[in-house]
Amino acid sequence: MKFFIDTADIKEIKDLAATGMVDGVTTNPSLAAKSGKKFVDLIAEICAVVPGPVSAEVTALDHETMMKEAAVLRKIAKNVTIKVPLTPDGLKTCKALSNDGCMVNVTLCFSPAQALLAAKAGASFISPFVGRLDDIGADGMALIQDICTIYKAYSFKTEVLVASIRGPQHVVAAAKMGAHVSTMPPSTLRQMFNHPLTDKGLKAFMDDWAKTGQSII
Ligand code: E4P
């Protein structure tokens, strides 16, 4: 499973990229606004740190303007993935861009029917939002299972990019279902490293080692 981080915070991106665990980055207009940076500069900065796919979302709602925005964003770097909303215009844009060899991430997916449309539009990634479904009392992970089953049945090339992740439990559940990618907040990726028994075990090993008075180097 690939790990993307869902943030526009360049410091967080640099810190976590250094762990070797970051395969890509997703941003959205809300995260970009929070960064306070000029969007084009922000995406360029992220692309210079992470060589994998970096999602940059269009903000127009109509196909023609989406295409113009995508043309600007695609020029920033080779690893820019154009993110479009799951609307008729978004999917029309997805089809046109993917036919032109551009990676496209279709976002704001909340149903298997929508995911089916995105795959038929040639999306490189579909982003189903599990946390936001859980938030309204629905079952976010059931959506991931449905999409994985459908995509497998038809050998669609579109990768399932699990989004709106709230914690390591979502990542593990998605991995068990065979989802291709999890995009998570930096805090979730950090949590994945942790286990109290690791800390306890390491302390015991270090205490015993100190008693030997030895040093390896
Ligand atoms: C994905 O690409 C989205 O940016 C993101 O996962 C949304 O997550 P949220 O529901 O925590 O805002």
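## Helix packing, barrel strands and two loop serines

The axes of helix 1 (residues 10-17) and helix 3 (residues 39-49) come within 10 Å of each other and cross at roughly 10°, axes being lines fitted to C-alpha atoms, for helices over the stretch in contact, with angles from 0 to 180 degrees between N-to-C directions. With that crossing, helix 1 is roughly parallel to helix 3, a class for angles under 35 degrees. The model is a predicted one, in which local features need pLDDT of at least 70 and side-chain atom pairs pLDDT 80 or more, while totals for chains, interfaces and linings use all residues. Residues are numbered from 1 along each chain as its sequence is written, and side-chain values use heavy atoms, without hydrogens and water.

Helices (H or I, at least four residues) and strands (E, at least two) are DSSP runs numbered from the N terminus. On the side of helix 1, the residues that take part in the contact are I10, I13, K14 and A17, and these meet E45, I46 and V49 of helix 3, contact meaning heavy atoms within 4.5 Å.

A second helix pair is formed by helix 4 (residues 63-74) and helix 5 (residues 88-99), which pack at an angle of about 45° with their axes 9 Å apart. Helix 4 is therefore oblique to helix 5, neither under 35 nor over 145 degrees, nor from 65 to 115. In this pair, H63, M66, M67, A70 and R74 of helix 4 meet D89, G90, K92, T93, A96 and L97 of helix 5.

### The barrel

Eight strands close into a barrel with parallel pairing, in the order 1-2-3-4-5-6-7-8. Neighbouring strands of this sheet are turned against each other by 30° on average, when direction is ignored.

Strand 8 (residues 181-184) can be followed in detail on both of its sides. Strand 1 (residues 2-6) runs parallel to strand 8 and is joined to it by four bridges, whereas strand 7 (residues 159-162) pairs with strand 8 in the parallel sense over two bridges; pairing requires at least two DSSP bridges. V181 of strand 8 is the bridge partner of K2, and V181 is also the partner of L161. S182 of strand 8, in turn, is the bridge partner of V162.

In a regular strand the side chains alternate between the two faces of the sheet. Accordingly, V181 and T183 point one way from strand 8, while S182 and M184 point the other way, and all are buried (under 20% relative accessible area, 1.4 Å probe, protein chains only; over 50% is exposed, in between partly exposed).

Elsewhere in the barrel, E57 is found in strand 3 (residues 54-57), and because its relative accessibility is 11%, E57 counts as buried. When its neighbours within four places in sequence are left aside, this glutamate is in contact with T27, N28, P29, F39, L73, K83 and T107.

### Two serines with positive phi

Most residues other than glycine have a negative phi. S155 has a positive value, and S164 likewise has a positive phi.

| Residue | Phi | Loop | Relative accessibility |
|---|---|---|---|
| S155 | near 50° | between helix 8 (140-153) and strand 7 | 58% |
| S164 | near 60° | between strand 7 and helix 9 (168-176) | 7% |

S155, in the loop between helix 8 and strand 7, counts as exposed, whereas S164, in the loop between strand 7 and helix 9, is buried.
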